[in-house]
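This report walks through the contact between two chains, then the sheets, hairpins and selected residues. Keep the model open while reading.

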Amino acid sequence: MSVESDIRAFIAHEAHLLDGCQWDEWQALFTPDGMYWVPASPEQTSPHSHVSLMYESAMLRTLRIDRLKKRDGLSVEGPLRTVHHVSNIVVDANEDGGPSARAMVLYVEYVRGETRTFHGHATWHFKHGSQRDLKLHLKRVDLVNADGVSSDMLSFI
Amino acid sequence: MFHLDFDQLVQPDRVSRRLYTDGDIYTAEMARIFGQSWLYVGHESQVPNSGDYAAARLSDKPIIMVRQKGGEIKLIHNRCMHKGMQLVGDESAGHVSAFRCGYHGWVYGLGGELRTVPADAGYACSAVKKGAEEFALRPIDDVALYRGFIFARLASGGPDFETWLGPMKSSLDNFVDRSPEGQVKVEGGVMRYLHHANWKFFFENTLDALHPMVVHHSASRPAQILAGKEAATNRADARALGMIAPFASPYGFFDEMGQRGTRFGHGDLGNEASIHSGYKVDPQYWSAMVARYGEEKAASILAVSRNNSVLYPTMMFKAPVSLLRVIRPIAVDKTIIETWHFRLVGAPESLFEQTIQYSSIVNSSAGIVGPDDHEAYRRLQSGLGSDGPQWVMMSRYQDAEREDSEGAQATKGTSDFVHRNQFAAWRAYMEAAA
């Protein structure tokens with residue numbers, strides 16, 4: 001199997017895990033210091049000097065996942081259903097030479113009778129784990145309306 | 001004008017559900033409150049140089065704030081005097097030498113004077129000509145600049161800015177004094193979060209110390225447990241837990257942090273203590289503060305920890321984390337909440353990182369705190385849509401306020417006094433203009 005086909009399989013698997021509410025398995029895709037990032041501005045270069053819609057470490061993702069699992073919290077009450085569409089995957093290398101990929105994403109979140117859609121470009125930066133397996137070091141989603149008027153988003157794109 | 005029976009809308013310990021649900025009352029609020037009161041517009045750092053402009057709103061009116069050649073900031077209605085088109089787009093900002101209308105090309109100077117009218121021979125028999133006063137862009141006359149913050153009002157008359165600000169001066173001062181150079185600067189982007197609820201819920205909630213341990217329990221309690229286990233493996237995670245965990249503090253903590261209310265509906269939650277008072281102080285920051293103010297003054301500035309401060313009816317600010325939120329009503333059940341971030345000039349980067357991290361976790365529409373508040377407002381909006389019971393209760397800790405040294409009324413943190421105080425102001429505005 002080539003790295004390219006591994007990455008394509010990884011991305012498809014990731015979408016299935018999220019849509020299947022298998023958040024613990026999704027978490028296991030990351031390196032321990034892997035970050036999940038949804039900037040609040042297009043071409044945002046830093047999550048530290050510019051606000052983000054989400055910039056979550058493993059620990060912060062765990063807090064969110066606990067709420068989603070227990071449906072604990074007013075906004076996460078009731079069934080939450082999602083669909084992750086990923087298309088036009090391009091596999092390349094990131095700045096430090098590690099494997100990476102980018103693609104268009106369409107994310108649909110349904111909760112308490114309301115359907116919300118989010119569109120954007122996603123980037124995945126990988127590192128190799130101890131078994132030479134792929135681990136996610138950074139997943140970044142640049143929403144088309146990142147700096148527009150925003151609505152609630154409860155799970156991960 | 002339709003008739004409102006104010007005794008049936010606002011009583012000492014309760015208000016009518018119609019205040020949140022009645023479209024006619026909303027329309028009247030826009031005219032009588034937002035049309036009369038001082039409103040927050042922006043910060044001077046958004047337009048640092050001559051020719052810099054930023055689009056803003058004054059109530060629902062589009063305006064432009066623009067830095068003049070002489071350095072002063074002018075507010076003008078964002079509307080061409082010809083056909084009325086907005087000169088610059090909503091939320092746009094940039095640098096210009098003049099404003100040119102994108103419809104028929106009329107050109108105005110930075111001060112609003114009419115400079116060029118294309119094909120002006122056709123206006124030979126009318127008053128339209130270069131420099132004509134009646135075709136200059138309309139300025140907003142009542143503008144106040146206070147320590148970099150710009151406020152304005154649509155109506156002339158009423159209290160001057162300092163009177164309106166009143167004892168809240170010390171809260172706004174604390175926002176700026178936290179900079180070792182006594183100066184703050186807008187940076188780090190703006191978030192605009194659409195809320196499907198009446199604008200007043202936000203102002204009540206922001207000074208409501210009885211909701212965090214209920215609404216934010218599911219985010220805050222696990223954070224407390226992780227903090228107890230010292231589970232954070234890096235500085236950012238440790239700081240995040242320090243931000244999230246205090247929301248689930250016990251009732252006694254919130255009572256003791258105190259609250260105060262002043263004329264015109266303003267108020268603070270917290271004073272000597274707040275959910276921010278446990279934050280670690282960066283030693284470099286402390287040194288910079290001591291160098292600027294001396295140890296005693298620096299300590300007294302940082303000892304003031306006002307969780308949330310409200311300048312009714314458009315602004316909420318959090319001095320301890322250097323951010324402010326602007327409330328923009330769109331409809332009776334629709335409101336945009338903007339979050340603006342400020343850099344404390346002269347402070348180390350860690351302070352700004354704290355502001356950005358706090359906002360990304362707590363204020364974001366994709367955070368684990370904001371959407372729970374939003375859902376509470378949505379259910380308040382739909383609950384009050386029921387015409388069964390008519391009243392919303394505000395009776396906790398009545399007549400327990402005492403006057404503080406600045407002339408504000410202070411009481412226990414979980415009192416409904418700040419809410420009663422908002423609605424006393426609401427009634428005063430609405431009745432005075434009726």
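Two strands pair if DSSP finds at least two bridges between them. Strands (E, at least two residues) and helices (H or I, at least four) are DSSP runs, numbered from the N terminus. This is a predicted model: local features need pLDDT of at least 70, side-chain atom pairs count only at pLDDT 80 or more, and totals for chains, interfaces and linings use all residues. Residues are numbered from 1 along each chain as its sequence is written, chains are lettered from A and ligands numbered from 1 in the order in which they are written, and side-chain values use heavy atoms, with hydrogens and water left out.

## Hairpins

In β12(B), Phe151(B) is the bridge partner of Ala144(B). The two strands concerned, β11 (residues 142-146) and β12 (residues 149-153) of chain B, are antiparallel and share five bridges. Two residues lie between them, and Arg147(B) in this hairpin has a positive phi near 50°. β11(B) has two faces: Asp142(B), Ala144(B) and Tyr146(B) are on the covered one, Val143(B) and Leu145(B) on the uncovered one.

Chain A has two hairpins that share a strand, β4(A). The table sets them beside the one in chain B.

| Strands | Bridges | Residues between strands | Positive phi |
|---|---|---|---|
| β11(B) and β12(B) | five | two | Arg147(B), near 50° |
| β3(A) and β4(A) | 12 | five | Gly97(A), near 85° |
| β4(A) and β5(A) | 12 | two | Arg112(A), near 45° |

Strand β3(A) spans residues 80-93 and β4(A) residues 99-111; their pairing is antiparallel. Ala93(A) has Pro99(A) as its bridge partner in β4(A). Strand β5(A), residues 114-128, also runs antiparallel to β4(A). There, His119(A) stands opposite Leu106(A).

## A sheet across two chains

Which strands make up the open sheet of 10 strands, and in what order? The order is β7(A)-β13(B)-β19(B)-β18(B)-β17(B)-β16(B)-β15(B)-β14(B)-β22(B)-β21(B), with mixed pairing. The edges are β7 (149-150) of chain A and β21 (402-403) of chain B; each has a single partner strand, so one side of each has no neighbour in the sheet. Within this order, β14 (residues 259-261) and β15 (residues 267-269) of chain B pair antiparallel through three bridges. Gln259(B) is matched with Leu269(B) of β15(B).

## The interface

The size of an interface is often given as the accessible area lost when the parts come together. Buried area here is the accessible area (1.4 Å probe) that two parts lose on being put together, summed over both. Between chain B and chain A, about 2,900 Å² is buried, and carbon and sulfur atoms give 56% of this. Ser218(B), Ala366(B) and Ile368(B) supply 18% of the area that chain B buries against chain A, more than any other three residues. Contact (heavy atoms within 4.5 Å) takes in 38 residues of chain B and 30 of chain A.

Four salt bridges cross this interface. The rule asks for a side-chain nitrogen of Lys or Arg within 4 Å of a carboxyl oxygen of Asp or Glu. Arg378(B) forms a salt bridge with Glu114(A), with the closest N and O atoms 2.7 Å apart. Elements giving two or more residues to the chain B side are β13 (184-195), α7 (217-228), α8 (235-244), β19 (334-344), α12 and α13.

## Helix α8(B) and Val369(B)

Buried means under 20% relative accessible area, exposed over 50%, and partly exposed in between (1.4 Å probe, protein chains only). In α8(B), the buried residues are Asp237(B), Arg239(B), Ala240(B), Leu241(B), Met243(B) and Ile244(B). They pack against α3 (58-70) of chain A, and against α7 and α12 of chain B.

Val369(B) sits in the loop between α12 (349-363) and α13 (370-383) of chain B. Is Val369(B) buried or exposed? Val369(B) is buried, because its relative accessible area is 2%. Leaving aside residues up to four places away in sequence, Val369(B) touches His216(B), Phe247(B), Ile361(B) and Val362(B).

## Cysteines

A disulfide is a pair of cysteine sulfur atoms within 2.5 Å. The whole structure has zero disulfides over all chains. Cys80(B) is in none; the nearest cysteine sulfur, from Cys101(B), is 3.9 Å away. Cys80(B) is buried, at 1% relative accessibility. Cys21(A) is partly exposed, at 31% relative accessible area.
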